[in-house]
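This report describes the fold of one protein chain and a few places in it. Look at the sequence and the structure first, then read on.

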Amino acid sequence: MASDLESRMDVSSDTEHRGAGRGADSASDSDEAVLRAKYADFCSAQLTEVFLSLADERIYEIVEDEAREQDVGAADLGFRAKVRLATKRLRESVPLPDFETWCRDYETAPEKYDEYLMGLWRQRSEEDARDAD
């Protein structure tokens, strides 16, 4: 039986797509900025859920493995650096859809994803809009 995370990650590649791409014809720049911010929020939420579900010992193993791969001493790293290493490793191992796939599915059924967004996308899309001005 698929886990809750796996079932949420089941993004179908054959989902109907409204339009041929993410260009100017299918969405304005601000719409795309919002979608990209929501995508980043969704991915962050998925990684956070996995991270928080791990036992402390497993997190330390991941940090040590990643530090070894990067030829860095894990004992010399601060907390934030250790979290970054663990997050990097999780990002490589947690099945997340690419932006285009996620976007097609989100545009078809936003309610499938909205409950998993942490709200970070609002701040990010506002920052992107300010940067564009």
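The text below goes from the whole chain to one pair of helices, then to a pocket and two loop residues.

The model is predicted. The protein chain contains seven helices and zero strands. Read from the N terminus on, its elements follow the order α-α-α-α-α-α-α. Of the 133 residues in the protein chain, 35% are buried. Contacts between residues at least 6 apart in sequence can be sorted further: 79% of them join residues at least 24 apart.

**Helices α3 and α4**

Two packed helices are described by the angle between their axes and the distance between the axes. Helix α3 covers residues 56-69 and helix α4 covers residues 79-93. Their axes come within 8 Å and cross at roughly 90 degrees. An angle of 65 to 115 degrees counts as roughly perpendicular, and α3 and α4 are therefore roughly perpendicular to each other.

On the α3 side, the contact is made by I59, I62, V63, D65, E66, A67 and E69. They meet K82, L85, A86, K88, R89, L90 and E92 in α4. By class, the residues of this contact are seven nonpolar, no polar and seven charged.

**The largest pocket**

The volume of the largest pocket is about 170 Å³. Its lining consists of F51, D56, I59, Y60, V63, F79, K82, V83 and A86. The elements that give two or more residues to this lining are α3 and α4. Seven of the lining residues are nonpolar, none is polar and two are charged.

The table sets out the classes for the helix contact and the pocket lining.

| Set of residues | Nonpolar | Polar | Charged |
|---|---|---|---|
| Contact of α3 with α4 | seven nonpolar residues | no polar residues | seven charged residues |
| Lining of the largest pocket | seven nonpolar residues | no polar residues | two charged residues |

**Two loop residues**

Is D71, in the loop between α3 and α4, buried or exposed? D71 has a relative accessible area of 73%. Exposed means over 50%, so D71 is exposed. The backbone of D71 is also worth a look. Most residues other than glycine have a negative phi. D71 is not a glycine, yet it has a positive phi of about 60 degrees.

P97 is found in the loop between α4 and α5, where α5 spans residues 99-108. The relative accessible area of P97 is 5%. Buried means under 20%, so P97 is buried. P97 and C43 are 54 residues apart along the chain, and their C-alpha atoms are separated by 8.6 Å.

Methods:
Residues numbered from 1 in each chain as written. Predicted model: local features only at pLDDT ≥ 70, side-chain atom pairs only at ≥ 80, totals over all residues. Heavy atoms only, no water. Axes fitted to C-alpha atoms, helices over the stretch in contact; angles between N-to-C directions. Helix = DSSP H or I, 4+ residues; strand = E, 2+ residues; numbered from the N terminus. Parallel < 35°, antiparallel > 145°, perpendicular 65-115°, else oblique. Contact = heavy atoms within 4.5 Å. Nonpolar A, V, L, I, M, F, W, Y, C, P; charged D, E, K, R; others polar. 1 Å grid on protein atoms, 1.4 Å probe; cavity = no way out; pocket = protein on both sides within 12 Å on 5 of 7 lines; lining within 4 Å. Points joined across faces, edges and corners; volume = space filled by probe spheres on them. Buried < 20%, exposed > 50% of the residue type's maximum accessible area, 1.4 Å probe, protein only.
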